[in-house]
Amino acid sequence: MTSDLSDPSAPSASSALPSRRHLLLGAGAAGAAALYGGRAAAAPLLVRRDRPALTLGVQSGDVRPGSAMLWARADRPARLVAEISRDPSFRKVRTVRGPVVTPGTDLTGAFPLHGLPPSTDLHYRIRAVDLHDHRAVSAPSTGRLRTAPRRGDDVRFLWSGDIAGQGWGVNPDLGGFRIADAMRARRADFFLCSGDNVYADGPVQPSVALPDGSTWRNLVIPEKTKFAETLAEYRGQYRYNLMADNWRAFLGETAQVTQWDDHEVTNNWYPGEILDDARYTEKRVDVLAARARRAFHEYVPVAPISPDPDGRVYRVIPYGEHVDLFVLDMRTHKDPNTGDRETTGDGGVLGERQTRWLIRELQRSRATWKVIANDLPLGLVVPDGPTAQEGLAQGDPGAPLGREIDIARVLTALRRAGIRNHVWLTADVHYTAAHHYSPDRAAYQDFDPFWEFVSGPLNAGAFGPNALDATFGPRAEFVAAPPAPNASPAQGFQFFGEVEVDGRTGQLTVTLRDVAGAALYTRTLDPARR
């Protein structure tokens, strides 16, 4: 067995996997060739009834120069072992020994790959090896990832958010999530999930009557019949989404970069909140958030690269010459939902540490485009009840107030550093839009013009559009939203966005796409020259 990858220190297949003799249990050399991707397959493997199984496919995430994360879940305590190859037939592989998975992580495990070549489609397969009988090995689950690009290469990635919300869950009649097939067909380098990866506060029913007289069917498991409170229930939210066949296939073929927002815990939550909601027996949101954060990290392949010591998930993902992706955490520090009209900045959405980190890393970046993933839109008014505000804007068109002060600080720092090539990508509001921000239309003018693009939902109720706050001078250049709130995925108002960067010119093109993948709106941006 030889390696065709670039890491000479990679462990050999024999050091990480059971021997071929034990795996084959006497099947012979032709069976060995079949197992490891050869052409001969005369003798089948003897299937052990008591061998482990991988239950929810495989995933990869946080691909950056030379490295990536892999993920899988077994049905029992086991050792995860991955084989990596340039060849989908796995004729030459590099073997990577993964972690032991136990009930302490709900039998999930994520582990890093290092020494990856650039601009390469890599194929991987993961097996689970029984801890007590190394002859008992699971069938492999296979996936694909695209490594970070070389200088001058094109880049293409997708983004969206909001999965299995408002009672619209995994529909077996549609293969799981209707939009997943269109996203899979794009063959993107990676997928940015802009938050609301699950709806922990979104129970589902077996069926829902639709306006046209038809019926929407949901797959139902016990964890999705109530609001999540326990660690087991939060874990069940992630297992539920991975029961969608086409979504599991998409994640197996497309690396992800993931941030979180509110529905991973509960609607519109903030630290220190005490719930006034009879549906919860645990009222302390900090307790719920700790359980939800643990489940998030168990089920999502996030690299441990955040500089934050307190568990926030902000980080920067360098992706070649043209793209640095700045992934924000606008939830973990967020201040209480008030009228949001404070006149002095208190770090109410990013926090002081994250704000300083963001400004510093933006100034250090040499990528053509600084793509900022903000899980809350900048200029859209998102109320939380009749008087409080959930979002950054509050509808006052004057000088920055409340959380807007934090954003004004970042926008001004960008202008003063001469950084004009920044684009903001978000989801959250369950419709799709293109917003252009300009100081010429703004109450606050100490910033350069920029674009923010909104997408989603992926599989949730569609809403909108929301009102725009004039503080930073936004103008809606395009909006697609349903005619009535909580439109189901069957009605088609589900959206994702696509970003393409031309490796030769550096031009960045954003396309907003519908549930079938059709282009609704396209905007090409030329890089500004310093």
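**Exercise 1. Find which residues L325 touches, leaving out residues up to four places away in sequence, and place L325 in a core.**

Solution.
Step 1. Beyond that sequence window, L325 touches F190, L192, V257, R315, V316, I317, V371 and A373.
Step 2. This structure is a predicted model, and the contacts of L325 are read from that model.
Step 3. The largest nonpolar core has 52 residues, and L325 is among those with the most contacts inside it, along with L70, I126, L425, F453 and L508.
Step 4. A second, separate core has 47 residues, including L56, F177, A228 and F296.
Step 5. A general tendency fits here: in soluble globular proteins, nonpolar side chains tend to be buried together.

**Exercise 2. State how confident the predictor is in the model, and locate the stretch where pLDDT stays under 50.**

Solution.
Step 1. The average pLDDT of the protein is 91, and 90% of the residues score at least 70.
Step 2. Over residues 6-47, pLDDT stays under 50.
Step 3. For residues 6-47 the model has 68 contacts beyond four places in sequence.
Step 4. Where pLDDT is low, the predicted coordinates should not be read in detail.

**Exercise 3. Describe the surroundings of strand β9: its two faces and its partner strands.**

Solution.
Step 1. Strand β9 spans residues 190-193. F190 and L192 lie on one side, F191 and C193 on the other, and all are buried, so both faces are covered.
Step 2. Strand β8 (residues 155-160) runs parallel to β9 and is joined to β9 by four bridges. Within this pairing, W159 has L192 as its bridge partner.
Step 3. Strand β12 (residues 255-258) is also parallel to β9, again with four bridges. Here C193 of β9 is matched with T258 of β12.
Step 4. Between β8 and β9 comes helix α4 (residues 180-185), and the three elements make a right-handed β-α-β unit.

**Exercise 4. Classify the aromatic pair F157 and F190, then the pair Y444 and F472.**

Solution.
Step 1. The model has 20 aromatic pairs in total.
Step 2. For F157 and F190, the ring centres are 4.6 Å apart and the planes differ by 5 degrees, which makes the pair stacked.
Step 3. F157 lies in β8 and F190 in β9, so this pair ties together parts that are 33 residues apart in sequence.
Step 4. Buried means under 20% relative accessible area. F157 has 1% relative accessibility and therefore counts as buried. F190, at 4%, counts as buried too.
Step 5. For Y444 and F472, the centres are 6.1 Å apart with 90 degrees between the planes, and the pair is edge-to-face.
Step 6. Y444 sits in the loop between β19 (432-437) and β20 (450-454), whereas F472 sits in the loop between β20 and β21 (474-480); the two are 28 residues apart.
Step 7. F472 counts as buried because its relative accessibility is 3%.
Step 8. Y444 and F472 belong to one aromatic cluster with W424, Y437, F447 and F450.

**Exercise 5. Decide whether strand β18 is enclosed or open, and name the strands that pair with it.**

Solution.
Step 1. Five of the five residues of β18 (residues 422-426) are buried, so the strand is largely enclosed by the rest of the structure.
Step 2. The buried residues cover both faces: H422, W424 and T426 on one side, V423 and L425 on the other.
Step 3. Strand β15 (residues 369-373) pairs with β18 in the parallel sense over four bridges. In this pairing V371 stands opposite V423.
Step 4. β20 pairs with β18 in the parallel sense, also over four bridges. W424 stands opposite E452 of β20.

**Exercise 6. For S141 and Y199, decide: buried or exposed? Then list the contacts of each beyond four places in sequence.**

Solution.
Step 1. S141 lies in strand β7 (residues 141-146). Its relative accessible area is 16%, so S141 is buried.
Step 2. The contacts of S141 are L54, G57, V58, Y124, R125 and I126.
Step 3. Y199 lies in the loop between β9 and β10 (207-209). With a relative accessible area of 1%, Y199 is buried.
Step 4. The contacts of Y199 are D162, I163, A164, G165, Q166, K224, Q237, H263 and H430.
Step 5. Between Y199 and T387 there are 24 Å from C-alpha to C-alpha, and the two are 188 residues apart in sequence.

Notes:
Residues are numbered from 1 along each chain as its sequence is written. This is a predicted model: local features need pLDDT of at least 70, side-chain atom pairs count only at pLDDT 80 or more; totals for chains, interfaces and linings use all residues. Side-chain values use heavy atoms; hydrogens and water are left out. pLDDT is the predictor's confidence in each residue, from 0 to 100. Contact means heavy atoms within 4.5 Å. A nonpolar core is a set of buried Ala, Val, Leu, Ile, Met, Phe, Trp, Tyr and Cys residues joined through side-chain atoms within 4.5 Å. Buried means under 20% relative accessible area, exposed over 50%, partly exposed in between (1.4 Å probe, protein chains only). Two strands pair if DSSP finds at least two bridges between them. A crossover is right-handed if, with the strands pointing away from the viewer, the path from the first strand over the helix to the second runs clockwise. Rings of Phe, Tyr and Trp (its six-membered ring) pair if their centres lie within 6.5 Å; planes under 30 degrees apart count as stacked, over 60 as edge-to-face and the rest as tilted.
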